[in-house]
Amino acid sequence: MAAVLLALLQANAVVMDEDANLAAIDAAAGAAAAAGAAILLTPELFPTGYAPRRVRAELDPAGLPELRAKLAGIARRHRIGLVYSLPRITPEGEWHISATLLDAGGTSVLTYDKVHLFGREERAAFSPAARPPAVVDFNGIPTSMVICYDVEFPEAVRAAAVAGAELLLVPTALAHGFDDVPQVLLRARALESQVTIAYANHSGVEEGCRFLGGSVIAGPDGKLLAAAGEELQLLYAEVDEGSAARARDEVPYLAERRPEIYRSWDS
């Protein structure tokens with residue numbers, strides 16, 4: 001089986017300095033592409049910095065198409081897939097936290113809006129979405145996305161796995177003090193749904209919030225493929241196209257689910 005090299009950016013964004021943040025993504029994309037990576041995953045709301053109230057108050061929605069075009073240009077220039085997270089404004093005027101997967105030509109192949117909002121700041125600035133995570137074939141691997149707090153709910157990850165995902169890409173913004181999320185919970189999520197999970201966090205301080213760093217890539221057996229400290233870092237891990245299938249053959253969690261029974265428990 002072939003393997004795909006995945007790159008993950010852990011970095012400190014500058015709140016509402018899009019040029020600086022795009023420059024950081026551009027540099028990381030260039031380094032990742034030079035290393036042979038097929039995709040670069042970046043943290044939640046990294047192009048704007050993570051500061052929900054300021055983003056809502058100061059971001060001009062009219063500038064979002066240009067910002068997305070610049071990100072597509074980065075992917076196209078370096079010939080690398082790219083996951084970025086930005087606000088998305090619906091036709092009804094709702095603001096969602098979104099993630100977009102671009103292919104190496106800069107074309108959007110998958111989008112996702114955050115379902116579970118965390119804390120007062122996010123709930124004041126954004127609305128929760130409701131669509132389940134979708135799955136696309138990316139370089140031979142069925143790939144899906146959720147965002148930050150979503151991954152802490154087993155239902156969200158299981159929904160992606162049941163839809164066929166074998167790789168789950170997770171932009172996040174996790175504060176210092178929540179070490180068990182990447183070290184324990186992420187590994188459990190990967191193991192119980194037998195998917196590779198890549199979790200890209202901010203580092204440093206943004207708008208008074210100290211971020212944990214601690215980004216991880218966990219395999220479908222729950223083992224860590226790569227883990228970061230607190231500082232700026234590019235993480236790499238090879239994702240084997242057959243790893244999820246092997247894990248699911250060994251212990252068939254998905255095949256042996258009994259959803260009709262679980263529904264009766266809920267009632």
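The following paragraphs describe the sheet, the helices packed on it, a nonpolar core, a helix pair and a hairpin in a predicted model.

Because the model is predicted, local features are reported where pLDDT is at least 70 and side-chain atom pairs only at pLDDT 80 or more, whereas totals for chains, interfaces and linings use all residues. Residues are numbered from 1 along each chain as its sequence is written, and side-chain values rest on heavy atoms, with hydrogens and water left out.

Helices (H or I, at least four residues) and strands (E, at least two) are taken as DSSP runs numbered from the N terminus, and two strands are said to pair if DSSP finds at least two bridges between them. An open sheet of 6 strands, with mixed pairing, follows the order β5-β4-β3-β2-β1-β14. Its edges are formed by β5 (108-113) and β14 (233-240), each of which has a single partner strand, so one side of each is left without a neighbour in the sheet. Neighbouring strands are turned against each other by 30° on average, direction ignored. Within this sheet, β1 (residues 3-10) and β2 (residues 39-41) pair in the parallel sense over 3 bridges, and leucine 6 has isoleucine 39 of β2 as its bridge partner.

Two helices pack on the sheet, where contact means heavy atoms within 4.5 Å and angles, from 0 to 180 degrees, are taken between N-to-C directions of axes fitted to C-alpha atoms, for helices over the stretch in contact. Helix α1 (residues 18-34) touches β1, β2, β3 (81-89) and β14, and its direction makes about 45° with that of β14. Helix α3 (residues 64-78) touches β3 and β4 (95-102), at about 175° to the direction of β3.

The largest nonpolar core, a set of buried (under 20% relative accessible area, 1.4 Å probe, protein chains only) Ala, Val, Leu, Ile, Met, Phe, Trp, Tyr and Cys residues joined through side-chain atoms within 4.5 Å, has 82 residues, and those with the most contacts inside it are Val151, Leu169 and Ile197. Apart from neighbours within four places in sequence, isoleucine 197 is in contact with residues including Val151, Val157, Leu186, Arg189 and Val216.

The axes of helices α5 (residues 154-162) and α6 (residues 180-193) come within 10 Å and cross at roughly 40°. Pro154, Val157, Arg158 and Ala161 of α5 meet Arg189, Glu192 and Ser193 of α6 in this contact.

Strands β12 (residues 216-218) and β13 (residues 224-227) run antiparallel and are joined by 3 bridges, with valine 216 partnered by alanine 227 of β13. These strands form a hairpin with 5 residues between them, and glycine 222 in the turn has a positive phi of about 85°.

Technical notes. Buried < 20%, exposed > 50% of the residue type's maximum accessible area, 1.4 Å probe, protein only.
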